[in-house]
Amino acid sequence: MLRVVVLVSGGGTNLQAIIDGVKKKTITNVELVGVLSNNKTVKSLERAQNAGIPAVSVSPKDFEDRAAFQKAFLEKVDEFSPDLIVLAGFLVSVPQDMVHKYSNRIINIHPSLIPSFCGVGYYGLKVHERVLERGVKVTGATVHFVTEGMDEGPIIAQKPVAVEEGDTPEVLQRRVMEQAEWIILPQAIDDFANGRLAVTGNTVRHIKVTD
Ligand code: GRF
């Protein structure tokens, strides 16, 4: 069983999709061993507790500087001995030590079709505001491996979502979550856990695993 830790910052709807996937066995060979948030009072911690998953928070507010927070955060992640770390609506930049220590074992969901609308300043609702400002007709979501740069790692999966007349950022965010994020993130975790992903440079191939 693959030990999976999920990092969250807010509502946890992507976390919920993962929890539901494990329960429905659309995600197999995975044990959710921990949920870690950078915020103390968020719905995602409640979702973890309701699912019986150890949930902890490590808040930057409790440390005198960023380096001390990042050290404590990584120590907490290490305590779970994860085989895979999933960033699900996690809005803090990953400590570089962690990226190196868990190379090719950290994945992230981003609410756009990378390389569009990503990088510094593109997170949460802001992504959808920029999408509407630019007037694109198609947006979507991307699951990718986390590397040193922001939203630059090898792409695992993407799913397009139509932008509709009269969309507000909130309506569009919800559609992208429902029609893309909550589908491709659980699928990517299942693929990783069952050895279906092969990374060569910046390319991720989905390989058929004969049972
Ligand atoms: C989602 O749009 C996610 O892609 C972004 O944060 C939003 C909330 O995610 N990173 P969640 O509900 O906390 O999973």
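Helices and strands are taken here as DSSP runs, numbered from the N terminus, and the elements named below, such as β5 and α5, follow that scheme. The structure is a predicted model.

In these terms P115 is found in the loop between β5 and α5, and the peptide bond that leads to P115 from I114 is cis, with omega near 15 degrees. A second backbone feature is found at N104, which has its place in the loop between α4 and β5 and shows a phi near 60 degrees, a positive value in a residue other than glycine. As background to both features, most residues other than glycine have a negative phi, and most peptide bonds are trans.

Empty space in the model was examined next. Rolling a probe the size of a water molecule over the atoms shows where empty space is left. The largest pocket holds about 750 Å³ of space, and of the 37 residues that line this pocket, G89, F90, L91, N108 and Y123 are the closest to its centre. Two or more lining residues are given by each of the elements α1 (13–24), α4 (96–101), β5 (106–110), α5 (125–134) and α6 (169–193). When the lining of the largest pocket is sorted by class, 15 residues are nonpolar, 19 are polar and 3 are charged.

The ligand sits in this largest pocket, and the elements that give two or more residues to the shell around the ligand are α1 and α6. The largest share of that shell comes from α6, which supplies 3 residues. Taken in sequence order, the residues around the ligand are G10, G11, G12, T13, N14, A88, G89, P111, Q173, M177 and E181; by class, this shell has 3 nonpolar, 7 polar and 1 charged residues.

Particular side chains can also be paired with oxygen atoms of the ligand. A polar side-chain atom of T13 lies 2.6 Å from a ligand oxygen atom, and an N or O atom in the side chain of E181 is likewise placed 2.6 Å from an oxygen atom of the ligand. For Q173, the distance from a polar side-chain atom to an oxygen atom of the ligand is 3.5 Å. On its own the ligand has 360 Å² of accessible area, and the protein covers 90% of that area.

Notes
Residues are numbered from 1 along each chain as its sequence is written. This is a predicted model: local features need pLDDT of at least 70, side-chain atom pairs count only at pLDDT 80 or more; totals for chains, interfaces and linings use all residues. Side-chain values use heavy atoms; hydrogens and water are left out. On a 1 Å grid over the protein atoms alone, a cavity is a set of points where a 1.4 Å probe fits but cannot get out, and a pocket is an open set with protein on both sides within 12 Å along at least five of seven lines; lining residues have an atom within 4 Å of a point. Grid points are joined across faces, edges and corners, and a volume is the space filled by probe spheres set on the points. Helices (H or I, at least four residues) and strands (E, at least two) are DSSP runs, numbered from the N terminus. Ala, Val, Leu, Ile, Met, Phe, Trp, Tyr, Cys and Pro count as nonpolar, Asp, Glu, Lys and Arg as charged, and the others, Gly among them, as polar. A residue is near a molecule or strand if one of its heavy atoms lies within 4 Å of it. A polar contact is a pair of N or O atoms within 3.5 Å; within protein, one must be able to donate a hydrogen and the other to accept it, and residues adjacent in sequence count only if both atoms are side-chain atoms. Accessible areas come from the Shrake-Rupley method with a 1.4 Å probe; for residues, only the protein chains shown count as cover. A molecule sits in a cavity or pocket if more than half of its atoms lie within 2 Å of its grid points.
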